[in-house]
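This briefing covers the fold, the core, two helix pairs and a few single residues. Please have the sequence and the model open while reading.

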Amino acid sequence: MSALRPPTPGDPTGQEPEGKGLKGGALGLLSSVVVGVASTAPAYSLAASLGFIVVGGTLAAGVKAPGIVLLAFVPMYLIAVAYQELNKAEPDCGTTFTWATRAFGPITGWMGGWGIIVADVIVMANLAQIAGQYSYTFVGSFGLPGVADLANNDVAVTIAGLVWIALMTWICYRGIEVSARVQYVLLGFEVVILILFAVFALVKVYTGNAEPYSLIPQWSWFNPFTLDFGQTIAPALLTAIFIYWGWDTAVSVNEETKDPGKTPGRAAVISTLLLLATYALVTVATVAFAGVGDKGIGLANPANSSDVFSAIGPTLFGSGPVGTILMALLGFSILTSASASTQTTILPTARTALSMAVYKAIPERFARIHPRFLTPTWSTIGMGLVSALFYLIFTAISVSLLNALIGSIGLMIAFYYGLTGFACVWFYRKTLFRSARTVIFRGLFPLAGGLMLLAVFCYGVYNFAQPDWLTDDAGKNVTIFGIGAEAVVGVGGLLLGVILLVIWRIVRPDFFRGRTLPRRSDDLVLTAQGTEAVFGLPDSRTPATVIAPDLSNLPPGQQALNAETGEPVAEPAELPPADTELPRDPRD
């Protein structure tokens, strides 16, 4: 149940805030989709992950890699549906933080918000490393071998990576519209080059001008169920899920979109579908041209795992002037991919922190908004500074540790995406069986997605903790205190959140006592005179406020309405009206 619309932060009543101050209506559906797709960094994600998907676990996935990519799409789509449904109820930029708090309470919600923040901070180190390396690789491709060699210099790469973090933080600080325009350019170039790469490879394969080890694509490549689950599918899924992660950025900017109750959710679903189409095409083309051998440009060759495109490119494009230009463009697409994702990783983290600060779940200074740019100030700059610090720490310890970040990020993704699925089911539990649509889209789909990701999380923790799960270039195990580094970073990141939660609960308990963001479900709402009864937070600019069934928080002179029937509710009740007896809401 929810309380009334609260005043601004710092009000002694402890009620919810009136608004966050973000620039509403700045983004449309296309802009939201662009932000969502760009956040996944398609070119970089495929370049860095496809080799690991092919190798799988103990047994290789081989030509079934497209099937693994297809299978990883399933939980992503199911959770995107959960995001869409929850966003209809509360288009709040805190997303998982807000929704999990509403559904399960402040502790669970706080950990959901922390999962978003720590995952984004961790991935920033990896993205900065890639952007730094490819900065030198791209510039060096214009006949400057000395510059290209700097891609192997840790100090030079670190400096370039820090510059990218600073640049993208500044762009995010300047405004959501500036960020969106930058993404149009970066994503557009990236997608064009990926499609060009795929078409070039497939034309060579089908015309017989490919390599002796090239393969003709088969429909059977999309069937992963002939593989062993424990030894191949599960390990490969942990990597494949990573390539889809990021579409939720489209929802985190919901308070800055037109029609915040509908546009962000639609953008999230559309983003996952576009990613599936792109990944399926490029994966099939890459497997077909390069094959899955462990020699040469084969995708199972360990030497190619960190960047399959750079390994394949010279053979695919040739060594002539045209091939050199195409290789430079391919390298630039990975650079733009990593840099674009660096920018769009800052966006959701800053807005999650903003929402948490508004509801007093973290220090309120993170709720400050720039008066001109209407962007989070402390949250945006803080994200950039923390990311830079984290990047410096990991590179100072060992660059090999950056490889551990991918797996640990997979654990974070599974944690907060899965939590969102469960939150959707529980939030709508009282109206779940109102129609076949609500049963499927607010019940079965989110629950299935949450359970799949819970299984992935448990499997990942167990395997990542094995000392020999990850090795460096010298064949040595990458561990922390004798435990696999991926598990330590992933679980340790969540445990750090528990410590911070306890500290903040002692210092500022209002949020944890449910005073600033109370639990509620899809029940009664208070409507202003002459307005339609809809659900949503006041800061999302919707007029309704949820009223307790016993009418204990009904203001004097106001009338509570049943959100489904529009009829006045005159008498207090211990429970809300029987939702199963209500007619189907035409808005659904």
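Helix 7 and helix 14 run roughly antiparallel to each other, because an angle over 145 degrees counts as such (under 35 is roughly parallel, 65 to 115 roughly perpendicular and the rest oblique). The model is predicted, so local features need pLDDT of at least 70 and side-chain atom pairs count only at pLDDT 80 or more, while totals for chains, interfaces and linings use all residues. Residues are numbered from 1 along each chain as its sequence is written, and side-chain values use heavy atoms, with hydrogens and water left out.

**Helix 7 and helix 14**
- The axes of helix 7 (residues 154-174) and helix 14 (residues 378-397) come within 9 Å and cross at roughly 170 degrees; axes are lines fitted to C-alpha atoms, for helices over the stretch in contact, and angles run from 0 to 180 degrees between N-to-C directions.
- On the helix 7 side, the contact (heavy atoms within 4.5 Å) includes Val157, Gly161, Ile165 and Tyr173.
- Helix 14 contributes residues including Thr380, Gly384, Ala388 and Tyr391.

**Helix 1 and helix 13**
- Helix 1 (residues 29-39) and helix 13 (residues 321-358) have axes that come within 8 Å and cross at roughly 110 degrees.
- Helix 1 is therefore roughly perpendicular to helix 13.
- Their crossing is left-handed, meaning that the near helix is turned anticlockwise from the far one by less than a right angle (clockwise would be right-handed).
- Val35, Ala38 and Ser39 of helix 1 meet Ala340, Ser341, Thr344 and Leu347 of helix 13.

**Overall fold**
- The protein has 17 helices and 6 strands; these are DSSP runs numbered from the N terminus (helices H or I, at least four residues; strands E, at least two).
- Of its 588 residues, 59% count as buried, which is under 20% relative accessible area (exposed is over 50%, partly exposed in between; 1.4 Å probe, protein chains only).
- Among contacts between residues at least 6 apart in sequence, 75% join residues at least 24 apart.
- The accessible surface is about 22,300 Å², and 66% of this belongs to carbon and sulfur atoms; areas come from the Shrake-Rupley method with a 1.4 Å probe.

**Nonpolar core**
- The largest nonpolar core has 163 residues, of which Trp110, Tyr244, Phe309 and Tyr417 touch the most other members.
- Such a core is a set of buried Ala, Val, Leu, Ile, Met, Phe, Trp, Tyr and Cys residues joined through side-chain atoms within 4.5 Å.
- Helix 5 supplies the largest share of this core, 19 residues.
- Leaving out residues up to four places away in sequence, tryptophan 110 touches ten residues' worth of partners that include Phe97, Met356, Ile362, Leu500 and Phe512.

**Leucine 127**
- Leucine 127 lies in helix 5 (residues 106-140) and counts as buried because its relative accessibility is 2%.
- Beyond its neighbours within four places in sequence, leucine 127 contacts Tyr44, Ala338, Ser341, Thr342 and Thr345.
- From leucine 127 to glycine 161 the C-alpha distance is 8.1 Å, with the two residues 34 apart in sequence.

**Positive phi**
- Most residues other than glycine have a negative phi.
- Alanine 41 has a phi near 50 degrees; this residue is in the loop between helix 1 and helix 2 (42-55) and is buried, with a relative accessible area of 1%.
- Aspartate 259 has a phi near 55 degrees; this residue is in the loop between helix 10 (249-252) and helix 11 (263-290) and is partly exposed at 43% relative accessibility.
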